[in-house]
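Reader: Please give me a close look at one part of this model: its aromatic rings. Keep it brisk, and then place the rings beside the nonpolar core.

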Amino acid sequence: QHIGQRVAQYFNYTLADLKSACRTKDLVFARHLAIYCMKKLTGRSLREIALFLHKKDHSTILHALEKIEKSRQQD
């Protein structure tokens, strides 16, 4: 929860925004970054992260991780 709040705050969103179904480009990036940090900095499973963010299943989380990893490699 703390990671989500910090990432949301950094991007001027709320934790509720990160958990929402909204798909604006900036919010999606913030959500993906929060997911990446949650996975790298905690022992949580993909399913646990998905449940926390009110996402349907772990594949959404896996997609976010892949997007951030790809972005990190390119930048």
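Author: The rings come first, and the core follows.

The model is predicted, so local features need pLDDT of at least 70 and side-chain atom pairs pLDDT 80 or more, while totals for chains, interfaces and linings use all residues. Numbering starts from 1 along each chain as its sequence is written, and side-chain values use heavy atoms, without hydrogens or water.

Start with the count. There are two aromatic pairs (rings of Phe, Tyr and Trp, the last by its six-membered ring, with centres within 6.5 Å; planes under 30 degrees apart are stacked, over 60 edge-to-face, the rest tilted). One pair is Tyr10 with Phe11. Their centres are 5.0 Å apart. Their planes make 80 degrees, so the pair is edge-to-face.

How open are these two rings? Tyr10 counts as exposed because its relative accessible area is 66% (exposed is over 50%, buried under 20%, partly exposed in between, with a 1.4 Å probe and protein chains only). Phe11 is partly exposed, because its value is 24%.

Phe11 also pairs with Phe29. Here the centres lie 5.8 Å apart and the planes stand at 85 degrees, again edge-to-face. This pair links distant parts of the chain. Phe11 sits in the loop between α1 and α2, and Phe29 in helix α3 (helices are DSSP runs of H or I with at least four residues, strands E runs with at least two, numbered from the N terminus). The two residues are 18 apart. Phe29 is partly exposed, because its relative accessible area is 41%. Together, Tyr10, Phe11 and Phe29 make one aromatic cluster.

Now the core. The largest nonpolar core holds 18 residues (buried Ala, Val, Leu, Ile, Met, Phe, Trp, Tyr and Cys, joined through side-chain atoms within 4.5 Å). Leu18, Ile35, Ile49, Leu53, Ile61 and Leu65 touch the most other members. Two or more residues come from each of α1, α2 (15–19), α3, α4 and α5. Helix α3 contributes the most, with six residues. That is the helix that also carries Phe29.

Take Leu18 as a worked case. Leaving out residues up to four places away in sequence, Leu18 touches Gly4, Ala8, Leu27, Ala30, Arg31, Ala34, Leu53 and Lys55 (contact means heavy atoms within 4.5 Å). One of these partners, Leu53, is also among the residues that touch the most other core members.
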